Amino acid sequence: MHFGVQAMLLQLHRVDKNNYFREVPSGIENYRLKMQQNNRISALFGIQYPLIQAGMIWCSGWELASAVSNAGGLGIIGSGSMYPEVLDEHIQKCKQATDKPFAVNLPMLYPNIEEHIQTIIKHKVPIVFTSAGNPKTWTGHLKEHGIKVVHVVSSVKFALKAQEAGVDAVVAEGFEAGGHNGRDETTTMCLIPMVAKELSIPLIAAGGIGTGKGMLAAMNLGADGVQIGSRFIATPESSAHENFKQTVIDTPEGGTQLTLKELTPVRLIKNAFYNEVESAYQRCASQEELKALLGRGRAKKGMFEGDLINGELEVGQISGLIQEIKPAAEVVEEILDEFRAALNEQQQSKFQF
Ligand SMILES: Cc1cc2nc3c(=O)[nH]c(=O)nc-3n(C[C@H](O)[C@H](O)[C@H](O)COP(=O)(O)O)c2cc1C
């Protein structure tokens with residue numbers, strides 16, 4: 001981020017008024033430190049900005065994670081689509097590519113989870129984001145090894161369970177999000193203030209955030225930081241297939257749908273495979289038929305191998321706003337620039353009636 005001292009101090013005064021950062025620092029050398037200290041997520045992870053790149057199967061390997069961490073956010077390796085030896089390699093490469101903190105996302109339904117956990121501990125990965133399972137199962141073990149644990153939820157009830165299980169922070173993910181999702185269809189707009197009201201540990205908002213204005217909105221609703229998935233698919237560093245990246249850009253508003261609720265709800269682009277699922281619903285297909293239709297390897301086929309017809313293409317509603325493939329560091333910079341500009345506008349009476 002490049003801006004002059006004066007502009008920076010001016011912004012910091014305004015930021016301070018909104019209480020995102022409690023003190024006004026005395027100069028440039030203190031800026032980063034204060035920003036880190038005064039935001040609960042930045043302080044927890046030791047990062048510059050409370051902006052987290054989500055763990056995403058087939059899309060977020062070491063290249064994306066290290067690029068986001070180097071840009072001052074927190075990059076996450078999505079281990080749910082990796083064999084244990086692949087995760088091992090990605091962690092090693094990530095460590096070589098950045099000296100900043102990064103995390104691993106661990107979907108707890110993963111069959112080789114114990115091997116993944118051993119790999120994470122062996123390489124002293126500082127932060128783990130768990131999802132899709134009971135946070136009680138592994139939180140204690142990971143924390144005994146000095147690892148910070150964050151759990152992903154989609155409701156107030158599960159946010160409180162995660163807090164009770166001893167996690168350090170919670171990601172609350174709304175209905176707009178790409179990938180697997182909660183059954184209750186609670187939107188980010190409703191979920192974040194409800195969780196913020198009940199939770200005492202830091203809260204990260206996810207689902208439908210891909211711009212600085214979105215980030216500011218989520219923080220105005222009570223989040224301490226944001227987790228962004230879909231926006232980072234459309235970056236050169238993402239391991240997604242080029243066909244999928246291009247489709248994310250081409251997907252308009254209304255181009256995705258949450259489906260397969262009987263199995264695990266997932267938000268997909270409405271491609272030929274999605275149409276097959278819809279036809280199955282219309283003929284009242286059983287769970288077994290749906291399972292057979294989904295089969296194995298659909299997500300890999302679509303997102304990693306670029307089969308736009310037969311593959312499962314997971315992306316969020318925010319795809320309607322994603323228009324360009326650009327480097328992850330530029331995405332981070334653009335979001336933060338827009339965040340600051342929107343914050344200034346907010347404080348300059350734009351919202352006073
Ligand atoms: C392609 C894709 C794959 C995902 N894979 C995972 C995953 O493996 N584990 C997980 O916890 N969440 C996964 N998610 C959800 C993201 O971590 C994140 O919470 C979500 O993308 C946020 O919403 P957004 O897409 O609107 O930014 C995935 C999302 C996408 C789009």
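**Notebook: ligand shell, a small sheet and K136**

I began with strand pairing and found that G179 has R267 in β11 as its bridge partner. I note that the model is predicted.

I then looked up how β7 and β11 are joined. The two strands, the latter spanning residues 266-269, pair in the antiparallel sense over two bridges. I traced the sheet further: it is open, consists of three strands in the order β7-β11-β10, and its pairing is antiparallel. I recorded β7 (179-180) and β10 (256-259) as the edge strands, each pairing on one side only.

I turned next to the ligand, around which I listed 29 residues; S131, G178, G179, G229 and G316 come nearest. I asked which elements give two or more residues to this shell, and they are β3 (102-107) and β9 (225-228). I sorted the shell by class and obtained 13 nonpolar, 13 polar and three charged residues. I also checked the domains: domain 1 (39-239 + 326-350) and domain 2 (242-319) each supply at least three residues to the shell. I marked G179 for its two entries, since it is among the residues that come nearest to the ligand and is also the bridge partner of R267.

Finally, I looked up K136, which I located in the loop between β4 (127-131) and α7 (139-144). Is K136 buried, exposed or partly exposed? I classed K136 as partly exposed, because 14 other C-beta atoms lie within 10 Å. I also compared K136 with K161: they are 25 residues apart in sequence, and their C-alpha atoms are 8.5 Å apart in space.

Key
Residues numbered from 1 in each chain as written. Predicted model: local features only at pLDDT ≥ 70, side-chain atom pairs only at ≥ 80, totals over all residues. Helix = DSSP H or I, 4+ residues; strand = E, 2+ residues; numbered from the N terminus. Buried ≥ 20, exposed ≤ 12 C-beta atoms within 10 Å, placed from the backbone. Near = placed C-beta within 6 Å. Nonpolar A, V, L, I, M, F, W, Y, C, P; charged D, E, K, R; others polar. Domains from an automatic or database assignment. Pairing = 2+ DSSP bridges.
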